[in-house]
Amino acid sequence: MPTLLHLDSSADLAASRSRALTAVFADAWRARGADHTVTYRDLHVHPLPHLEASALHWPAAERRPGADVPAGSQELLQSVVDELLAADVLLVGAPLYNYSLPSTLKTWIDRVHLPGVLVPDAGSTGPLAGRPAVVVVTRGGAYDAGTPTEGWDHGTPVLELILGTALGMDVHTVTASTTLAETVPALAPYRERARAEFAEAERELARLGGSLG
């Protein structure tokens, strides 16, 4: 039974562009048949706590002797890891907040970046190698090459590094920029671009949702 792990992290529950786009992928996934199931985690509505102890950056077998791990924290970490391992495809909604990740998404990243567990040792292959991950990035402004804001998106590279380079997943990044053009007067000249990019993102996510996994 193919399983999609769908993560949303936007703080906007009413008009989020990232939530609208991840829903396109999830709908296309479900349309493939009743056997295509979805595990949904809303990281904003039900946020994970920050790591309770620095020892949780490491698997239990590699922690220093006597490391303080609060009761229940290992079980929570393991449940997040198991949820990802059980998924055939990962879908991440990642709006750009102040040029970086929403803090709620960062707490999830901190729980799955486990050396020797999901991050393979040098020269070995991890359990998530080659598994598809779809990262839906929405950015209120423009970050085009050759402009003063080029390189200001510090969220997308982190996700591609952790999911792709570290975990070995097959990352597909779908981006819609200038998403604030409809509401921020200074961005009004970008409105046609925003509509075109959003529509293209919808088409690509519908295609990926109907084919990946």
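This report describes the strands, nonpolar cores, one helix and three loop residues of a predicted model.

**Strand β3 and its partners**

Strand β3 covers residues 89-95, and seven of its seven residues are buried. Val89, Leu91, Gly93 and Pro95 point to one side of β3, while Leu90, Val92 and Ala94 point to the other, and all of them are buried. In a regular strand the side chains alternate between the two faces of the sheet.

β3 has a parallel pairing with β1, residues 3-8, made over four bridges. Within this pairing, histidine 6 has leucine 91 of β3 as its bridge partner. β3 is also joined to β4, residues 132-138, by six bridges, and these two strands run parallel. Here valine 92 is bridged to valine 135 of β4, and alanine 94 is bridged to valine 137 of β4. The connection from β3 to β4 involves helix α3, residues 103-112, and the three elements make a right-handed β-α-β unit.

**Strand β4 and its partners**

Seven of the seven residues of β4 are buried, so the strand is largely enclosed by the rest of the structure. Pro132, Val134, Val136 and Thr138 point one way from β4, and Ala133, Val135 and Val137 point the other way; every one of these residues is buried.

Besides its pairing with β3, β4 is joined to β5 by seven bridges, with the two strands running parallel. Valine 134 has histidine 172 of β5 as its bridge partner. A right-handed β-α-β unit is made by β4, α4 and β5.

**Nonpolar cores**

The largest nonpolar core has 32 residues. The residues with the most contacts inside this core are Leu84, Leu90, Leu105, Trp108, Leu163 and Leu167. At least two residues of the core come from each of β1, α2 (73-85), β3, α3, β4 and α4 (156-166). A second, separate core of 17 residues includes Leu4, Leu91, Ala176 and Ala201.

The two sides of β3 can be read against these cores. Leu90 and Leu91 point in opposite directions from the strand; Leu90 is among the residues with the most contacts in the largest core, and Leu91 is in the second core.

Leucine 105 can be followed further through its contacts. Leaving aside neighbours within four places in sequence, leucine 105 is in contact with Ser9, Leu43, Val92, Gly93, Ala94 and Leu159. Of these, Val92, Gly93 and Ala94 are residues of β3.

**Helix α5**

Helix α5, residues 191-209, has 19 residues. The distance from its first C-alpha to its last is 27 Å, close to the 27 Å expected at 1.5 Å a residue. Its buried residues are Ala194, Phe198, Ala201, Leu205, Leu208 and Gly209. Seen down the axis of α5, these buried residues fall within an arc of 90°, so they line one face of the helix. The face of α5 turned away from this buried side carries the exposed residues Glu192 and Arg203.

The buried residues of α5 pack against α1 (17-30), β4 and β5 (170-176). Ala201, one of the buried residues of α5, is also included in the second core.

**Three loop residues**

Three residues in loops are listed below, each with its relative accessible area and the C-alpha separation from another residue.

| Residue | Loop | Relative accessible area | C-alpha separation |
|---|---|---|---|
| Glycine 72 | between β2 (37-42) and α2 | 43% | 17 Å to alanine 61 |
| Valine 117 | between α3 and β4 | 33% | 21 Å to proline 49 |
| Valine 184 | between β5 and α5 | 29% | 9.9 Å to glycine 141 |

Buried means under 20% relative accessible area and exposed over 50%. Glycine 72 has 43% relative accessibility, so it counts as partly exposed. Valine 117 is partly exposed at 33%, and valine 184 is partly exposed at 29%.

In sequence, glycine 72 and alanine 61 are 11 residues apart, valine 117 and proline 49 are 68 residues apart, and valine 184 and glycine 141 are 43 residues apart. Not counting residues up to four places away in sequence, valine 117 touches Pro59, Val81 and Pro127.

Definitions and conventions: Residues numbered from 1 in each chain as written. Predicted model: local features only at pLDDT ≥ 70, side-chain atom pairs only at ≥ 80, totals over all residues. Heavy atoms only, no water. Buried < 20%, exposed > 50% of the residue type's maximum accessible area, 1.4 Å probe, protein only. Pairing = 2+ DSSP bridges. Right-handed = clockwise from strand over helix to strand, strands pointing away. Core = buried A, V, L, I, M, F, W, Y, C linked by side-chain atoms within 4.5 Å. Contact = heavy atoms within 4.5 Å. Expected span 1.5 Å × (residues − 1). Arc of directions from axis to C-beta.
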